[in-house]
Amino acid sequence: MNSNRSNGILAALTVLLAAGSSGLAGCDLSSGGTDGGSDYSYDYEPDYEPPDARDDAGAEREDGQDVAADADEGAGGDADAGGDADADADVVGRCGDGYLDPGEDCDDGNDISGDGCEPDCTFLCTGDFDCDDGQSCNGDEACSPSHLCELGTAKAEGDPCTDSSGSDGACHGGVCAPISCGDGTVDPGEECDDGNVVGGDGCETDCTYSCAADADCDDGVFCDGAETCSAAHMCEAGTFEADLTACATADGASGVCRSGLCAAIDCGNGLVEPGEACDDGNAVPGDGCEADCTWSCSSVPECDDEVLCNGAESCSAAHVCEAGTPLTDLTPCMVGSGAAGVCRGGMCAESACGNGLVDPGEACDDGNTVNTDSCLSTCVAAACGDGQVWAGYEQCDGDPVRACSTSCGSAGMQSCDACSWAACGPPAELCNGIDDDCDGQTDEGFGVGTACDGPDSDLCAEGALICDASGTGTRCSDASSSTVDLCNGLDDDCDPASADGSEDPGVGASCDGSDSDLCLEGTTACSGGAISCSDTTGSTVDLCNGLDDDCDPASVDGSEDPGVGVSCDGPDSDLCLEGSSVCSGGSVHCSDATSSTVDVCNGLDDDCDPGSADGSEDPAVGAACDGPDPDLCADGLRFCSGGALQCSDGPGLSPDLCNGIDDDCNPATADGSGDPLVGVPCDGPDTDLCVEGSSTCTAGHVVCSDATSSTVDLCNSLDDDCNPATADGSADPRVGVACDGPDTDLCAEGMGSCTGGAFQCSDTTGNSIEVCNMIDDDCDGLTDEGYVRDTNPACTDGLWDLGTISGDMGPDQASDTYWTEQWDWVTLREDDLPSNIPITGTVRLWSPPGVDYDLYVYCVSCGGDLAGSSTVRSSSGHYDTVDVRREDSAGDDTLDLIVEIRHAASAGCADWALTVDGNTPVTATTCL
């Protein structure tokens with residue numbers, strides 16, 4: 001052994017022994033024999049043997065923990081032999097130098113434990129067996145290619161296992177826990193486990209199903225259908241047999257199913273039974289079902305009033321005649337006179353533009369002649385392009401182009417596009433030194449500055465182009481005199497290309513030809529060396545248009561217009577020619593100033609229009625009128641027939657119904673005086689069917705004078721609500737409500753029912769006993785009463801001995817489970833003394849859902865240092881974990897741990913599970 005290392009170990013051990021002798025309360029520390037000053041033995045044994053906290057037998061912990069070993073004994077083991085020191089001096093390589101020397105499995109250049117290569121240059125693990133902790137629920141541990149132990153995959157919740165005591169259990173969170181009904185996991189031997197002990201929810205308190213087959217749920221009643229056991233093992237109600245299905249009543253009489261109940265057959269009981277067309281439970285006529293259980297109507301013809309516009313009457317599904325839906329306004333129809341009309345408000349009326357009603361062929365009719373609104377006077381809807389500016393919607397409509405100012409200040413033009421003024425368009429560029437067309441350039445396209453010949457008739461370019469005064473072109477600055485090319489057959493301007501007379505002042509002037517008018521319709525031209533006129537048009541006739549067509553101011557406007565002097569009709573509405581046409585103000589007018597001749601109902605063609613019906617303009621036509629019936633209602637309209645006014649109101653009578661309207665137009669008759677529903681026996685707005693009043697007409701509505709309260713059908717063998725179809729007790733507030741049976745608990749485990757006129761509760765369960773499970777088992781509002789939790793006494797009062805497990809060689813485990821606070825004692829022992837492997841361990845505490853325990857771990861004894869604590873907070877199941885590590889030395893052969901399981905926030909009791917694993921990969925030192 002290297003002397004330096006031996007001296008270092010000796011010094012460390014000396015310090016450790018000194019610290020142990022003064023700081024480990026209750027511990028007996030004695031030294032073993034020495035051999036040459038280098039052999040040590042460390043034996044720790046508690047100064048008391050804790051009794052089993054859960055066993056009054058007081059079994060003592062066996063003393064067998066003492067280990068005495070001479071770490072230095074062996075062949076050549078003594079440091080004072082002298083030969084080893086010389087041998088050590090010859091060794092070049094050493095463990096930890098990063099080189100793999102003979103006798104080393106590895107060398108990672110450090111002395112860190114747990115990184116795959118240990119400080120003695122051996123692998124942490126070489127096979128999976130080196131990592132196995134012996135626990136099945138947390139999976140199979142494995143040795144990685146880098147020689148590090150890796151955790152396995154935990155088994156599924158509820159998988160069977162065997163705990164450390166050899167008892168059957170189930171895996172929970174990687175730990176083998178005892179089988180417990182109500183923990184939310186289906187363990188071996190359980191059909192189900194829904195995590196509670198509530199009965200009737202599909203999984204019972206003994207972890208068996210509430211039902212397994214339909215027969216478990218059958219209530220023996222035929223009409224309410226066959227009950228079934230659902231996939232969730234809960235009884236579900238069946239589907240009611242179809243109404244009118246044959247059945248037998250409780251007394252054996254023939255009946256039919258009604259809403260799940262078997263009712264006797266009887267007309268007037270409100271149930272439609274075989275042989276009946278209907279049964280509304282009353283004798284009121286005309287309500288759809290008559291007193292003999294037949295329909296009031298069964299076909300449409302029974303209800304038809306043969307009036308077109310008010311729609312087709314029908315016989316409703318309730319067999320009551322119902323008014324038809326009035327035809328859509330404007331539906332074509334024929335008025336009483338036989339003239340074409342349209343439906344309006346269920347009546348047939350004649351149509352005409354300007355009556356404020358949109359008739360067929362009209363897009364609109366606003367009853368006015370304003371052309372700036374949405375409807376023109378021609379009953380055409382306003383639209384862009386109609387030549388009228390629609391106020392608020394259009395800026396223009398067909399308006400001519402107008403002047404505007406451009407963005408660069410020039411005078412532009414804008415047009416009316418899609419009834420809106422377009423953007424101001426700039427003018428064409430002028431030759432004036434200004435950017436007229438807003439393109440950033442001036443006088444472009446005019447060639448200003450180009451050499452040119454002046455305005456003379458020669459071809460000499462004696463100047464340059466400059467803008468002319470008009471700005472539309474250029475002129476030449478050449479001011480020399482010109483040779484004018486006259487119409488004389490000579491080339492005066494010395495330009496063979498210019499035509500003869502091209503500069504003659506008499507050429508190009510307006511002129512009149514040989515016609516009879518005075519209009520200058522031609523221009524002069526040079527031909528054959530002489531000037532001639534191109535006007536070859538005929539004479540222009542003077543029409544009535546405000547223009548001097550013949551260019552003769554002495555002739556009257558329209559003097560030759562063929563439309564002047566013709567017989568005509570004026571602007572009245574008739575067609576009678578009572579004037580002649582004249583030209584005035586540039587247009588032809590009719591001199592007829594007589595008023596319109598109205599076509600009244602007299603058999604004459606008053607308006608001279610054979611196409612208009614007699615009386616078409618008679619103001620009395622279309623007015624409301626009353627016919628020969630006994631009521632006073634103007635139910636008809638006046639029409640013209642045979643040259644005389646007629647009324648379309650037939651002899652039918654308008655009965656005064658209860659609707660707040662004077663149907664017969666006679667204020668002397670009371671509202672509803674003719675309503676067949678008034679004065680009939682009736683049942684009020686209560687929930688029973690008892691006829692205790694009569695119908696009256698009040699404020700336009702038929703109401704029942706029955707003001708009695710609803711009669712509730714109690715469980716008393718009486719038909720309280722006057723409805724034979726309802727079962728006895730159907731409205732009893734106790735029926736169908738959860739109830740408690742004759743047991744001593746307070747749990748409503750049954751359902752109230754009515755049998756034979758007496759109330760019964762189906763609760764036949766026994767007494768529910770309170771157990772320690774954080775649930776109010778006996779339904780008294782208290783939880784876990786009678787179960788007092790421990791006060792967690794000091795560890796000197798007793799510990800539960802978990803025994804001794806390996807702390808440095810191979811996996812080893814101890815475990816415990818209990819339902820309240822507890823102190824445990826476990827010893828981690830050293831198995832490989834020569835290698836000085838650190839003693840390590842991991843303590844894990846499982847708290848089930850609903851409770852919370854905290855974990856505290858102490859080194860050596862109750863008075864020792866706190867190795868660590870874990871106080872995880874969670875409402876669901878969770879783990880608290882503490883890791884422990886002590887660096888090994890020659891005399892460090894055991895490590896005692898005191899484990900405290902302490903209540904946290906919860907006061908309820910529930911089973912926790914504790915495991916202590918030895919030889920786990922812990923790197924931080926916690927126990928000195």
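Visitor: In this predicted model, what is the strand order of the open sheet of five strands?
Guide: The model is predicted. The pairing in this open sheet is mixed. Its five strands follow the order β40-β42-β47-β44-β45.

Visitor: Which strands stand at the edges of the sheet?
Guide: A strand at the edge has a single partner strand, so one side of it is left without a neighbour in the sheet. That applies to residues 800-806 and to residues 866-870. The edge strands are therefore β40 and β45.

Visitor: By what angle are neighbouring strands of this sheet turned against each other on average?
Guide: The angle is taken between neighbouring strands of the sheet, and direction is ignored. On average it comes to 20°.

Visitor: In which sense do β40 and β42 pair, parallel or antiparallel?
Guide: Strand β42 covers residues 822-829, and six bridges join β40 to it. Trp800 stands opposite Asp824 of β42, and Asp801 has Trp825 as its bridge partner there. The sense of the pairing is parallel.

Visitor: In which sense do β42 and β47 pair, parallel or antiparallel?
Guide: Strand β47 spans residues 894-903 and is joined to β42 over eight bridges. Within this pairing, Trp823 stands opposite Glu900. The sense is antiparallel.

Visitor: How many of the eight residues of β42 are buried?
Guide: Trp823 is one example from this strand, with a relative accessible area of 11%, and because buried means under 20%, it qualifies. The strand is largely enclosed by the rest of the structure. Of its eight residues, the buried ones number seven.

Visitor: Which residue forms a stacked aromatic pair with Trp823?
Guide: The whole structure holds three aromatic pairs. In this one the centres are 6.1 Å apart and the planes differ by 20°; planes under 30 degrees apart count as stacked, so the pair is classed that way. The partner lies in strand β44 (residues 853-859), 35 residues from Trp823 along the chain. It is buried at 15% relative accessibility, and its name is Tyr858.

Visitor: Which residue lies over the face of Tyr856?
Guide: The distance to the ring centre of Tyr856 is 3.8 Å. Elsewhere, Arg844 lies over the face of Tyr879, at 4.0 Å from the ring centre. For Tyr856 the residue is Arg902.

Visitor: Which residue meets Arg902 in a salt bridge?
Guide: Side chains of opposite charge can pair when their charged atoms come close. Here the N to O distance is 3.0 Å. Arg902 is partly exposed, at 28% relative accessible area, whereas its partner is buried, at 3%. That partner is Glu900.

Visitor: Which residues are joined into one network by salt bridges that share partners?
Guide: The count of salt bridges in the structure comes to seven. Some of these share partners and so link up into a network. Its members are Asp852, Asp854 and Arg873.

Visitor: With which residue does Asp359 form a salt bridge?
Guide: Asp359 sits in the loop between β17 (347-349) and β18 (402-405), and its partner is 15 residues away, in strand β16 (residues 340-344). The closest N and O atoms are 2.5 Å apart. Asp359 is buried at 2% relative accessible area, and the partner also counts as buried, at 16%. The partner is Arg344.

Visitor: Are Asp831 and Arg829 buried or partly exposed?
Guide: The side chains of these two residues meet in a salt bridge with an N to O distance of 2.8 Å. Relative accessibility is 36% for Asp831 and 30% for Arg829. Buried means under 20% and exposed over 50%, so Asp831 and Arg829 both count as partly exposed.

Visitor: Which residue has its backbone nitrogen 2.7 Å from a polar atom of the side chain of Glu821?
Guide: Glu821 is located in the loop between β41 (812-818) and β42, and counts as buried at 7% relative accessibility. Its C-alpha atom is 8.1 Å from that of Tyr853, 32 residues apart along the chain. The backbone nitrogen in question belongs to His903.

Terms used
Residues are numbered from 1 along each chain as its sequence is written. This is a predicted model: local features need pLDDT of at least 70, side-chain atom pairs count only at pLDDT 80 or more; totals for chains, interfaces and linings use all residues. Side-chain values use heavy atoms; hydrogens and water are left out. Two strands pair if DSSP finds at least two bridges between them. Helices (H or I, at least four residues) and strands (E, at least two) are DSSP runs, numbered from the N terminus. Axes are lines fitted to C-alpha atoms, for helices over the stretch in contact, and angles run from 0 to 180 degrees between N-to-C directions. Rings of Phe, Tyr and Trp (its six-membered ring) pair if their centres lie within 6.5 Å; planes under 30 degrees apart count as stacked, over 60 as edge-to-face and the rest as tilted. Buried means under 20% relative accessible area, exposed over 50%, partly exposed in between (1.4 Å probe, protein chains only). A charge sits over a ring if NZ of Lys or CZ of Arg is within 6 Å of the ring centre and within 35 degrees of the ring normal. A salt bridge is a side-chain nitrogen of Lys or Arg within 4 Å of a carboxyl oxygen of Asp or Glu. A polar contact is a pair of N or O atoms within 3.5 Å; within protein, one must be able to donate a hydrogen and the other to accept it, and residues adjacent in sequence count only if both atoms are side-chain atoms.
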